[in-house]
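Visitor: I've got a new model open and would like a quick tour. Can you talk me through it?

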Amino acid sequence: MSKSKTPNLKRQANQRLNAMQRYGESKHKARQDEHTQYPEGIFSFNTMKTYKEAVKTFLSWARTRCSEYKFLDDLKEKVPEYLEEKKAAGLSACTIKTYASALAKLYGCKKADFGVEFAKRERRNVKRSRFEPDKKLEKANPDIVDFVRGTGLRRCELSRLIGEDVYRDSEGKLVVHVRRGKGGKERTVTVLAEYVDRVEEIAGKVGAKEKIFKKLHRGLQLHHYRGDFAAVLYKKVARSEIPDDDKYIMRKDRKGTILDRKAMLTVSRALGHNRINVIAQSYLYSL
């Protein structure tokens, strides 16, 4: 009887990561039920995709330096060397931490177990969507640009949107129903007043069950337009006089800037987040 062939490293990794799928489950509930801040499993399709790409990059690196390894667990000892090499190559702290998080999930450990010192993520070093968008792409895709500026939706959320997801609520406000956002969460976003007519016009071009956006150009910096949405919404809801307990005091490159925590939380939830520090770092950079 022939012996079964050992799967290659990529297949071993994919099998292990696929076994961690918990799509559609609430990560928040899992934290409560499992009494841990870091429940086992992967709750988001996008996180799974990111982690698989990160692991694939690691395995490609390993193939050129230690091809004698046949078992995934044996390769764990090479992770610190890999991460140190990426640091020396000048990759951003954000990218290296993403690589480390993916490998820690793969090996069922913590990033700290790799014994690598990670630089802090600095707001001033974040490059994502900080540059002016391509004006030609904007001109060629006005519906997408205006829709995101008016609603703050993510790319994946836009791709699932159908005509009946845009409607007037009981108060007459135009809202967008996000059936499945980040982490499988559902939410309803109130359209900014400045974009109500445009969003209603765009949604009105399709039937109730038809997708509003059948194609989304990969070159569009949608995160930039989410930032535009965040800034406008924050200015609308921020208080002119902020109680001391609600003051969020920025540091380092924005030292002295004071933001309204309550307004930040409103913006965070509209964008499909829950933490105000995410808003401060990644969205309110134009204030």
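Guide: Here is a tour of the chain, its cores, a pocket, a cavity and a few single residues.

Visitor: What kind of model is this, and how are residues numbered?
Guide: It is a predicted model, in which local features need pLDDT of at least 70 and side-chain atom pairs count only at pLDDT 80 or more, while totals for chains, interfaces and linings use all residues. Residues are numbered from 1 along each chain as its sequence is written, and side-chain values use heavy atoms, with hydrogens and water left out.

Visitor: OK, how many helices and strands are there?
Guide: The protein chain has 12 helices and five strands. Those are DSSP runs numbered from the N terminus: helices are H or I with at least four residues, strands are E with at least two. The C-alpha trace spans about 70 × 50 × 45 Å along its principal axes.

Visitor: And what share of the residues is buried?
Guide: Of the 287 residues in the chain, 42% are buried. Buried means under 20% relative accessible area, exposed means over 50%, and partly exposed is in between, using a 1.4 Å probe and protein chains only.

Visitor: What about contacts between residues far apart in sequence?
Guide: Take the contacts between residues at least 6 apart in sequence: 61% of them join residues at least 24 apart. A contact here is heavy atoms within 4.5 Å.

Visitor: Let's go inside. Which residues touch the most others in the largest nonpolar core?
Guide: Phe 147 and Leu 158 do, out of 44 residues in that core. A nonpolar core is a set of buried Ala, Val, Leu, Ile, Met, Phe, Trp, Tyr and Cys residues joined through side-chain atoms within 4.5 Å.

Visitor: Which element supplies the largest share?
Guide: α10, with six residues of this core. Elements that each supply at least two include α7 (142–151), β2 (174–178) and α10 (222–237).

Visitor: Which residues does Phe 147 touch?
Guide: Not counting residues up to four places away in sequence, Phe 147 touches Gly 152, Leu 153, Leu 158, Leu 161, Val 166, Val 176, Val 199, Ile 202 and Phe 213. Apart from the largest core there is another one of 32 residues, with Ala 13, Leu 17, Tyr 51 and Val 116 among them.

Visitor: Switching to holes. What's the volume of the second largest pocket?
Guide: About 250 Å³. α3 gives the most to its lining, with five residues. Lining residues include Pro 7, Lys 56, Arg 63 and Tyr 69, and by class the lining has five nonpolar, three polar and four charged residues.

Visitor: Remind me how you define all that?
Guide: On a 1 Å grid over the protein atoms alone, a pocket is an open set of points with protein on both sides within 12 Å along at least five of seven lines, a cavity is a set where a 1.4 Å probe fits but cannot get out, and lining residues have an atom within 4 Å of a point. Grid points are joined across faces, edges and corners, and volume is the space filled by probe spheres set on the points. For the classes, Ala, Val, Leu, Ile, Met, Phe, Trp, Tyr, Cys and Pro are nonpolar, Asp, Glu, Lys and Arg are charged, and the others, Gly among them, are polar.

Visitor: How many cavities of 30 Å³ or more are there?
Guide: One. The largest cavity has a volume of about 50 Å³, and its lining has two nonpolar, one polar and five charged residues. Among the lining residues are Glu 157, Arg 160, His 177 and Arg 180.

Visitor: Now Gln 12: buried or exposed?
Guide: Gln 12 is buried, at 15% relative accessible area. Gln 12 sits in helix α1, and a polar atom of its side chain lies 3.0 Å from the backbone nitrogen of Leu 72.

Visitor: And which side chain does Asp 246 make a polar contact with?
Guide: That of Arg 239, at 2.8 Å. A polar contact is a pair of N or O atoms within 3.5 Å; within protein, one must be able to donate a hydrogen and the other to accept it, and residues adjacent in sequence count only if both atoms are side-chain atoms. Asp 246 is partly exposed, at 23%, and lies in the loop between α10 and β4 (247–249).

Visitor: Last one: where is Arg 198?
Guide: In helix α9. Its side chain and that of Asp 143 are joined by a polar contact of 2.8 Å.
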